[in-house]
Amino acid sequence: MTADSTHPLVLVADDDEISRLFIVETLEQAGFNIVAVADGAAALDAAVTQVFDLALLDVDMPHLDGYELCRAVRSSMELKYLPVVMITGHDDAASITQAYEAGATDFIAKPVNWTLLPHRLRYILRNADADRRLRHLAYHDQLTGLPNSQALPALVATAISRAESTGCGEGVALLQVRVQACGRIRSVFGLDEGEAALRAFAQRLEISVAAAHRDADRTSVARIDGDRFVVCLRDRFILERATALAEQLVAALDTPVSCGEHQFFLPPTIGIAISPDHGSEPTALITHAAAATLHALQTDARGCVIYSAGIGDRARERLALEAVLREAVRTEQLTLYFQPKIRVSDGSLVGVEALLRWFSPELGEVTPDRFVPLAEESGLILDIGRWVSQAACRQLMNWRNEGLETTIAINLSARQFVHDNPAAIIEAAALASAIDPKMIVVEITESALIADFDSVQAGLQAVRALGCRIAIDDFGTGYSSLAYLKGLPVDELKIDRSFIRHLGSDRVDAAICTAVLSLAREVGLNVTAEGVETEVQLDWLRAHGCNEAQGYFIARPMPGHQILSRYRNGSPMAYAGANVA
Ligand code: C2E
Ligand code: CA
Ligand code: CA
């Protein structure tokens, strides 16, 4: 709609001078603003240079007739939704059908009823306005008002075709911008704060894009879902311009954004794909920009990453790996290994941790660091997680039958808490193997906890109510303040191995471990040191009152039967055999 809805702007095209004058006269008297032209070509020119509310076209015109003109309007991105009313000279079925087929909104037969004409047009405009509102809802994001993922492909297609038609070496860049901090804000401060942060981010993004490129016609910003935005840029020297824009965005978001009473840092991660270099189809560009962003996130790249064939290969490789993993889950190629955890004071076994192993006939041994994240992204982790609970309980039962009583720790991912019911799964698995849930420890990483605090908190409470113990894994690597732990049913902290590695030589790591140990003592939590590889580390831990340890120096993860032969008759006192594979 043009700015003035009481005086809509109407384009009139009619080669008959008398008829044209009548139309103009009638409509102007009824309060319409009119631009009148005498042929189809002039009408098309006018339509692309000015924004009209409606076009009234005569069917019979020289050069470009009304039908052709209407088809041209419908195939243009900008004019696609312009209401078009055709004046057909003939009130016969064929020409009416032809008008509708050309995409006309409505038609008026000659001789024109002059009294009715303005009312008819106002009626059509009202409907068009309702349509426009519906379209706006369908193609815009409610939270930010920006175009959404539905609108993006057409937006990119227009930019590409415009770049091609200028003929002066213009290209198009897509910058996929992700702001992961908003998810964390939502988990810590709640939904409202999370949304406010997203809105603030969108605003900062729009302002920075506008500041970087005065020509608004060359840029657009969309929000495709969650924390993902897309900036589309059309320009010459597109690669340089796109990287410069990305740098400007990173700089603009380097100062905190105000949200109500809070100030948040919302650093963006940006992936760039450009046309024509990385594809000239909107979908290819959109996928490639997404792959570049994912790569930036995975490699912890600050600022931005430009798409390359290598990134595409890796994305394809991940897809292929996912397919093989799916098959592996189906054919039970996964197994569990078990890593002992000992009491530091006397070396006795306090439990084992179950760790997934995948021995693939095609790929050889694939480490969990490679396939667990993939399983999480694809949802396969739900099936795998269920299997892990069952297999762990079966193993406990077998060991017990052979005379070894111990506890078992299983690793759960945040996704299982969000999409599954770990307590119910563990309960069923324990029951099936006649295992007391008290023998099970559930490990969850600190970062998983933060990513979905609410679901994880509720899920952990249910697991705790069952009688399982709860351990926070990789402690120290997440973002959590210790105050965070207060609301959680936690029994144990596992200090991440990155802090253990330099114990005895690095004073900062030693200070962190000391702090965690004294905090844990104060609130009555058990502490396990992960990744103990040397005697020096173990000695340090013993001297500083750490109760439990796990690591290659004590024992590597091993198959179930090896655990049995090592520990059935009590624990080996010395750490000999520590390097059993
Ligand atoms: P995590 O839970 O922190 O497991 C400890 C990892 O450290 C294991 O790697 C273990 O083999 C390794 N490790 C143990 N001692 C040492 C040491 O002294 N030095 C070094 N350098 N490494 C040591 P793994 O088995 O490759 O597992 C990697 C990660 O995969 C695990 O980290 C866990 O996050 C995930 N994972 C493994 N099994 C499962 C599972 O059943 N479910 C889920 N959701 N995740 C799992
Ligand atoms: Ca673990
Ligand atoms: Ca760990």
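Me: Which residues coordinate the calcium ion (ligand 2), and at what distances?
Reply: Happy to start there, keeping in mind that this is a predicted model. Along the chain, the donors of this calcium ion (ligand 2) follow the spacing E-x57-N-x31-E-x29-D. The coordinating atoms belong to Glu353 (OE), Asn411 (OD1), Glu443 (OE) and Asp473 (OD), at 2.1 to 2.3 Å.

Me: Where in the fold do Glu353 and Asp473 sit, and how many residues apart are they?
Reply: Both of these ligand 2 donors, Glu353 and Asp473, are buried. Glu353 belongs to strand β14 (residues 349-360) and Asp473 to strand β18 (residues 469-475). The pair thus links distant parts of the chain, 120 residues apart.

Me: Which protein atoms are the donors of the calcium ion (ligand 3)?
Reply: The sequence spacing of the donor residues is a good place to begin: for the calcium ion (ligand 3) it reads D-D-x55-E. Glu530 appears twice in the donor list. With distances of 2.0 to 2.6 Å, the donors are Asp473 (OD), Asp474 (OD), Glu530 (OE) and Glu530 (OE).

Me: Which residue bridges the calcium ion (ligand 3) and the calcium ion (ligand 2)?
Reply: The two ions lie 4.1 Å apart. A residue that coordinates both has to appear among the donors of ligand 2 and among those of ligand 3. The bridging residue is Asp473.

Me: Why does Asp473 count as buried while Asp474 counts as partly exposed?
Reply: Buried means under 20% relative accessible area, and partly exposed runs from there up to 50%. Asp473 has a relative accessible area of 5%, so Asp473 is buried. Asp474 counts as partly exposed because its relative accessibility is 24%.

Me: Which residues come nearest to ligand 1?
Reply: There are 21 residues around ligand 1. By class, this shell has 8 nonpolar, 5 polar and 8 charged residues. Those that come nearest are Arg357, Asp473, Arg497, Glu533 and Tyr552.

Me: Which element gives the most to the shell around ligand 1?
Reply: At least two residues of the shell come from each of β14, α12 (368-378) and β18. Strand β14 is also where Glu353 lies. With 4 residues, the element that gives the most is β14.

Me: How far is a polar side-chain atom of Glu533 from a nitrogen atom of ligand 1?
Reply: Let's look at the other polar contacts of ligand 1 alongside it. A nitrogen atom of ligand 1 is 3.0 Å from an N or O atom in the side chain of Gln339, and an oxygen atom of ligand 1 is 2.9 Å from an N or O atom in the side chain of Asp473. For Glu533, the distance to a nitrogen atom of ligand 1 is 2.5 Å.

Me: How much of the accessible area of ligand 1 does the protein cover?
Reply: On its own, ligand 1 has 800 Å² of accessible area. The share of this area that the protein covers is 86%.

Me: How many aromatic pairs does the structure hold, and what geometry do Phe22 and Trp114 show?
Reply: The structure holds 7 aromatic pairs. In the pair of Phe22 and Trp114, the ring centres are 5.5 Å apart and the planes make an angle of 25°. Planes under 30 degrees apart count as stacked, so the geometry of Phe22 and Trp114 is stacked.

Me: Why does the pair of Phe22 and Trp114 tie together separate parts of the chain?
Reply: Phe22 counts as partly exposed at 45% relative accessibility, and Trp114 is partly exposed at 28%. Because Phe22 lies in helix α1 (residues 17-29) and Trp114 in the loop between β5 (106-109) and α5 (116-139), the pair joins parts whose separation in sequence is 92 residues.

Me: How are the rings of Phe338 and Trp399 arranged?
Reply: Both Phe338 and Trp399 are buried. Phe338 is in strand β13 (residues 334-343) and Trp399 in helix α13 (residues 381-401), 61 residues apart. Their centres are 5.0 Å apart with 70° between the planes, and the arrangement is edge-to-face.

Me: Where is Pro111, and what is omega for the peptide bond that joins Lys110 and Pro111?
Reply: Pro111 lies in the loop between β5 and α5. The bond joining Lys110 and Pro111 is a cis peptide bond, and its omega is about -5°.

Key
Residues are numbered from 1 along each chain as its sequence is written. Chains are lettered from A and ligands numbered from 1 in the order in which they are written. This is a predicted model: local features need pLDDT of at least 70, side-chain atom pairs count only at pLDDT 80 or more; totals for chains, interfaces and linings use all residues. Side-chain values use heavy atoms; hydrogens and water are left out. Donors are N, O and S atoms within 2.8 Å of the metal (3.2 Å for Na, K and Ca); water is not among the atoms, so sites may look incomplete. Buried means under 20% relative accessible area, exposed over 50%, partly exposed in between (1.4 Å probe, protein chains only). A residue is near a molecule or strand if one of its heavy atoms lies within 4 Å of it. A polar contact is a pair of N or O atoms within 3.5 Å; within protein, one must be able to donate a hydrogen and the other to accept it, and residues adjacent in sequence count only if both atoms are side-chain atoms. Accessible areas come from the Shrake-Rupley method with a 1.4 Å probe; for residues, only the protein chains shown count as cover. Ala, Val, Leu, Ile, Met, Phe, Trp, Tyr, Cys and Pro count as nonpolar, Asp, Glu, Lys and Arg as charged, and the others, Gly among them, as polar. Rings of Phe, Tyr and Trp (its six-membered ring) pair if their centres lie within 6.5 Å; planes under 30 degrees apart count as stacked, over 60 as edge-to-face and the rest as tilted.
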